[in-house]
Amino acid sequence: MGATRGEIVAATLAVLDEHGLDGVTMHAVAARLGVQHNTVCWHASRKSPVRTGL
């Protein structure tokens with residue numbers, strides 16, 4: 001199963017809220033979504049629409 005940009009942004013914000021900026025990693029976001037971290041990396045590497053969503 002993949003994850004949409006919106007799901008990744010929401011998961012990133014949830015991890016940020018729970019663990020602070022230092023806790024926001026590709027692995028932490030992927031774990032929250034139940035996907036492999038490569039899924040998050042793929043979205044983040046695409047001229048970063050995920051970063052602009054934050």
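**Exercise 1. Leu 16 and its surroundings**

Determine in which helix of this predicted model Leu 16 lies, whether Leu 16 is buried or exposed or in between, and which residues beyond its sequence neighbours it is in contact with.

*Solution.* Start with the secondary structure of the predicted model, where Leu 16 is placed in helix H1. Next take the relative accessible area of Leu 16, which is 36%; because buried means under 20% and exposed means over 50%, Leu 16 counts as partly exposed. Then list the contacts: once neighbours within four places in sequence are left aside, Leu 16 is in contact with Leu 21 and Val 24. A C-alpha distance adds a further reference point, since the C-alpha atoms of Leu 16 and Val 29, which are 13 residues apart along the chain, are separated by 9.3 Å. Finally, turn to the surface, where Leu 16 joins Leu 13 and Leu 21 in making a nonpolar patch of about 290 Å².

**Exercise 2. The salt bridge**

Find how many salt bridges the structure holds, and work out which parts of the chain are tied together by the pair Glu 18 and Arg 32.

*Solution.* The count comes to one salt bridge in the structure. In this salt bridge the side chains of Glu 18 and Arg 32 meet, with an N to O distance of 3.0 Å. To see what the pair connects, assign each partner to its helix: Glu 18 belongs to helix H1 and Arg 32 to helix H2, so the salt bridge ties together parts that are 14 residues apart in sequence. The last step is the accessibility of the partners, where Glu 18 has a relative accessible area of 48% and is partly exposed, while Arg 32, with 45%, is also partly exposed.

**Exercise 3. The largest nonpolar core**

Identify which residues form the largest nonpolar core, and state which helix gives the largest share of this core.

*Solution.* The largest nonpolar core consists of eight residues, namely Ala 3, Ile 8, Ala 11, Val 15, Val 29, Ala 30, Val 35 and Val 40. Sorting these residues by helix shows that H1 (5–19) and H2 (26–33) each supply at least two residues of the core. The largest share is that of H1, which contributes three residues.

**Exercise 4. Helix H3 and Val 40**

Establish which residues of helix H3 are buried, why they are on the same side of H3, and which residues Val 40 touches.

*Solution.* Within helix H3, which spans residues 37–44, the buried residues are Val 40, His 43 and Ala 44. They cover an arc of only 95° around the axis, and therefore they are on the same side of H3. Taking Val 40 by itself, its relative accessibility is 4%, so Val 40 counts as buried. When residues up to four places away in sequence are not counted, Val 40 touches Ile 8, Met 26, Val 29, Ala 30, Leu 33 and Val 35. In addition, the C-alpha atoms of Val 40 and Ala 3 are separated by 7.9 Å, although these two residues are 37 residues apart along the chain.

**Exercise 5. Ala 28 in helix H2**

Describe where Ala 28 is found, how accessible it is, and which residues it touches.

*Solution.* Ala 28 is part of helix H2. Its relative accessibility is 24%, and so Ala 28 counts as partly exposed, given that buried means under 20%. With residues up to four places away in sequence not counted, Ala 28 touches Val 15 and Gly 23. The C-alpha atoms of Ala 28 and Thr 12 are separated by 8.3 Å, the two residues being 16 residues apart along the chain.

**Exercise 6. The chain as a whole**

Summarise the secondary structure of the chain, its proportion of buried residues and its accessible surface.

*Solution.* The chain has four helices and zero strands, and, read along the sequence, follows the pattern α-α-α-α. Of the 54 residues in the chain, 28% are buried. For the contacts, take those between residues at least 6 apart in sequence: 45% of them join residues at least 24 apart. The accessible surface of the chain comes to about 3600 Å², with 55% of this surface belonging to carbon and sulfur atoms.

Key: Residues are numbered from 1 along each chain as its sequence is written. This is a predicted model: local features need pLDDT of at least 70, side-chain atom pairs count only at pLDDT 80 or more; totals for chains, interfaces and linings use all residues. Side-chain values use heavy atoms; hydrogens and water are left out. Buried means under 20% relative accessible area, exposed over 50%, partly exposed in between (1.4 Å probe, protein chains only). The arc is that of the directions from the helix axis to the C-beta atoms. A nonpolar core is a set of buried Ala, Val, Leu, Ile, Met, Phe, Trp, Tyr and Cys residues joined through side-chain atoms within 4.5 Å. A salt bridge is a side-chain nitrogen of Lys or Arg within 4 Å of a carboxyl oxygen of Asp or Glu. Contact means heavy atoms within 4.5 Å. Accessible areas come from the Shrake-Rupley method with a 1.4 Å probe; for residues, only the protein chains shown count as cover. Patches are made of residues with over 30% relative accessible area and no salt bridge: like charges are joined within 9 Å, nonpolar side chains (Val, Leu, Ile, Met, Phe, Trp, Tyr) within 5 Å.
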